[in-house]
Every structure is written in structure tokens, then in C-alpha cells.
Amino acid sequence: MLDNLIWGYVYPNESEIQWSILIVLYPYITGLVAGAFIASSLYHVFGKKEIKPVARFALLTALSFLLVAMMPLLVHLGRPERGIEIMFTPHLTSAMSGFGYIFSFYLIIVVLEIWLSFREDIVKKALSSHGWKELLYSSLALFSFDISEETLHNDEKFARKLAIIGIPSAAFLHGYVGFIFGGIKANPWWSTPLMPIIFLMSAIVSGIALLILLYIAAMKIRKHAIDHKCLQSLAHYLWIFLILDVTLELLEIISMKYASREDIDIINRLLSDKIGFTFWGIQLTLGIFIPFILLLLVSLIKKRDTLKLIMISVSCIFVVIGVFAMRWNVVIGGQEISKSLVGTLTYVPEFFSQEGVLPAIIIFMLPFIILRVVTAILPPWKDMEEETQEHN
């Protein structure tokens, strides 16, 4: 059985692939966090008012995925209770150990920005509720009920400052994941200085695409009209970041081909055989080129909002699938190359094991459940419905 999964010569200690689908899921979820936060910053920092209907919803989405971001790593380690030790026994020269601090800092930024953005609603809920709801919202308001115009203005200014700090934090959170892979010099598929920025761009792309899908789904479930101005604006930004993403990814491949170092033969085999379908078929064609054309048509077509909605929805579904394929190709593809550079392995994921497909599906579903809970506590729908009525 094992012989069928190996081609060429591989070292004996490489017969098993160590980083499973959970490690594929880890950068995928952190990417969705970064993308959703940057989408919200388009309104909070850059003043893009057409994004306002989804700005606070994007923050809640970022928080929901952020709370689960470390879970794939903890499950992969097998002893999740030891994960906290990274905070108390820091290894300052380890890039991986830095993740705990980056994650914690970014979590504080997101929570504070959400609290400031929703504080007026929280106080009003506290003042109009009774019983356990009054206690809940009073606690969330920190028993401070001042919502005068001056206080709210100060809240808005402080939230904007946090958003400004949050942008580089989000970029660092996900660029760091790419840095981990790019810094492994022994692996020719990973070792490229473009890796951090490629991870960052694909994170923004996937985060915006997911936010669009969640917004459409939320409006359909709540039976409210979609703000097409907001939707098409998000699609426009998705298209721009998609161009940057595909440019970087193609530059990486072209530079590898042009340099033609001693490892080019194994790279060619990887791209033509091991990950040929997931790279050329799913990552580039399905995940980038088709959405690129569809989103371009959306910007050219006049009126016909329903057709545009379908095209944007299809594009976003393809994008989130394509970015997951990109994470798969990087994490799994890099491990399928033997350190001998004259052999390859094949990863076959199990379904029910600790690092199998089932735990990955469960972990990926958790942010959506959390998002449902936080939107019940802090409803962001008022923004969407008010702005939709104005634009329609």
C-alpha cells in the first residue's frame, strides 16, 4: 500500500506526511479573519460609505473565525491543554512561538473595536431590557450608560484608531503564516520571499468573498432586500485584490521556471502530477480566472441586478474553494516533495481520525455557529436595512 504512494527515492523518515488537512485549515481560517477585517476597514478607516451596511457584520465575522483560528493547531498537537504554555514559556527566536502574541494582540483589537462600534446599541438594550437580558447587556456595557453625542463621537474616533492599528495587525497575522512556510529553505516549493505576500493577498480575497456570501445569505434568510450598491462595491474590491493575487502567484511560478535551479525537475513533477489538478484546475482556473471574468462582466453590465447577484455569488463560491485549494497545494504539495528531490509521496486524508476530514469539517462549521450566536446578541442588521432603504 505504502509503495503505491511513493515515487522515486524518499528517505525512510519521510514515509508519513506530518502536516495534515488540519494544517491546511489553519491558514485558511486565519485568512478569512484577515480578509473580513480589512473589508470592514474600508468603511471604518477609508470612509467608503457604500461598505457601511456590512462594516459591523464584517467585524463580527472576523471575531467568529478568529476565536476558532487556533483550534486546528491545538487538535493537531494532540495535547491542546499545553497550547497555553507558549504564552508563558516564550521562545523569542522561534517564528511559530510569536503567533500566540500576534493572535492575542489582534484579538484584543477586534474585541475593542466591536465593543466601541456596538456600544450605543448595547446601552440601549441594557436600558430597555429586564431580568437576565438587562444584566447581560449592562455587563457588556461595563455598567457605563453614557451615550451622549460627545461620548459616541469619541467612541467613533477611538474605533477608527483601533481599525488603523488593526490593518497592519491583520496583515501581520496572515503574512506571518506565509513567512513560516517561506522561511523553510530546505523545501523548494515553500522557500520563496513572495510567500508571505501571496498568503496575505489570498487571505483578503477569501475574506471578502466569504463576507459577500454571508451577507447575501443573511439578507435572504431575513427576507430583506440586498443593497446592490454595497454588494457591487465589495465585488469591485474583490476583483482588484484578485488581480494582485493572481499576479503574485503567477510571478512565483514564472520565477521558479526562469531560474531553473537544481530542484526544477521535482517542481515540474509536482505541478504536472501531484497537484496538477488542484493547482491548474481548481486554484487558478476555478478559483481565479473564472471569477475574474465574471466580476469583470459585473462591472461592465448595466442594471440587471439579479444577473449580477448570481454572477457575484458564483464568483465568491469559486474564490473560497480556490483559496482552500491554494492552501492545500502549499501545505500538502510541499510535503509531497522528498528532501532527496528525486522522489514524491502522496497524501491520502483519513476521514474519522483525529486529523481527518471529519474533525476539519466540524472545526470549519464552528465559526458559523459562533457568528449566529454573536449576531443574536449584537444584531448588525440595522445598518443593512437602513442603508438598503436609502439606496433603493
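**Group meeting: a walk through the helices**

Let me start with a single residue: Glu120 has a relative accessible area of 28%, so it's partly exposed. Before I go on, keep in mind that this is a predicted model.

What does Glu120 pair with? It forms a salt bridge with Lys124, and the closest N and O atoms there are 3.0 Å apart. Both residues sit in helix α5, 4 residues apart, which is about one turn of the helix. Lys124 is partly exposed as well, with a relative accessible area of 43%. As a reminder, side chains of opposite charge can pair when their charged atoms come close.

Staying on α5, let's look at Arg119. The side chain of Arg119 meets that of Asp155 in a salt bridge, 2.6 Å from N to O. Arg119 is in α5 and Asp155 is in α7, residues 149-182, so this pair ties together parts that are 36 residues apart in sequence. Are these two buried or exposed? Arg119 is buried, and so is Asp155.

How many salt bridges turn up in the whole structure? A search finds 6. One of them I haven't shown yet: the side chains of Glu81 and Arg79 meet at 2.4 Å, N to O. Glu81 counts as partly exposed, at 46% relative accessibility, and Arg79 is partly exposed too, with a relative accessible area of 41%.

Back to α5, and what goes on around its end. Leu127 is in that helix, and at 57% relative accessibility it counts as exposed. Together with Leu135, Phe143 and Phe145, Leu127 makes a nonpolar surface patch of about 430 Å².

Then there's Ser129. Follow the chain out of α5 (98-128) and you find this serine in the loop that leads to α6 (132-140). Why do I call Ser129 buried? Its relative accessibility is 11%, and the cut-off for buried is under 20%. A polar atom of the Ser129 side chain also lies 2.5 Å from the backbone oxygen of Lys125.

Okay, next helix: α9, residues 228-259. That's 32 residues, reaching 46 Å from first C-alpha to last, close to the 46 Å expected at 1.5 Å a residue. At the start of α9, Asp227 puts a side-chain oxygen within 3.1 Å of the backbone nitrogen of Lys229. At the other end, just after the helix, Ser260 takes a positive phi of about 45 degrees.

Compare that with helix α1, residues 21-44. Its 24 residues span 35 Å, first C-alpha to last, close to the 34 Å expected at 1.5 Å a residue. And why do I describe α1 as largely enclosed by the rest of the structure? Because 23 of its 24 residues are buried.

Last, let me zoom out to the whole chain. There are 14 helices and 2 strands. Across the 392 residues, 50% are buried. The C-alpha trace spans about 70 × 55 × 35 Å along its principal axes. How does the radius of gyration look? It comes out at 22 Å, and a compact globule with 392 residues would be near 21 Å, so the two agree.

If you've got the structure open, I'd go back to α5 and look at Arg119 with Asp155, then at Lys124 with Glu120. That's me done, thanks.

How values were computed:
Residues numbered from 1 in each chain as written. Predicted model: local features only at pLDDT ≥ 70, side-chain atom pairs only at ≥ 80, totals over all residues. Heavy atoms only, no water. Buried < 20%, exposed > 50% of the residue type's maximum accessible area, 1.4 Å probe, protein only. Polar contact = N/O pair within 3.5 Å; in protein donor to acceptor, adjacent residues only side chain to side chain. Patch = residues over 30% accessible without salt bridge, like charges linked within 9 Å, V, L, I, M, F, W, Y side chains within 5 Å. Areas by Shrake-Rupley, 256 points an atom, 1.4 Å probe, with all protein chains shown as cover. Salt bridge = Lys/Arg side-chain N within 4 Å of Asp/Glu carboxyl O. Expected span 1.5 Å × (residues − 1). Rg over C-alpha atoms; globule rule 2.2 N^0.38 Å.
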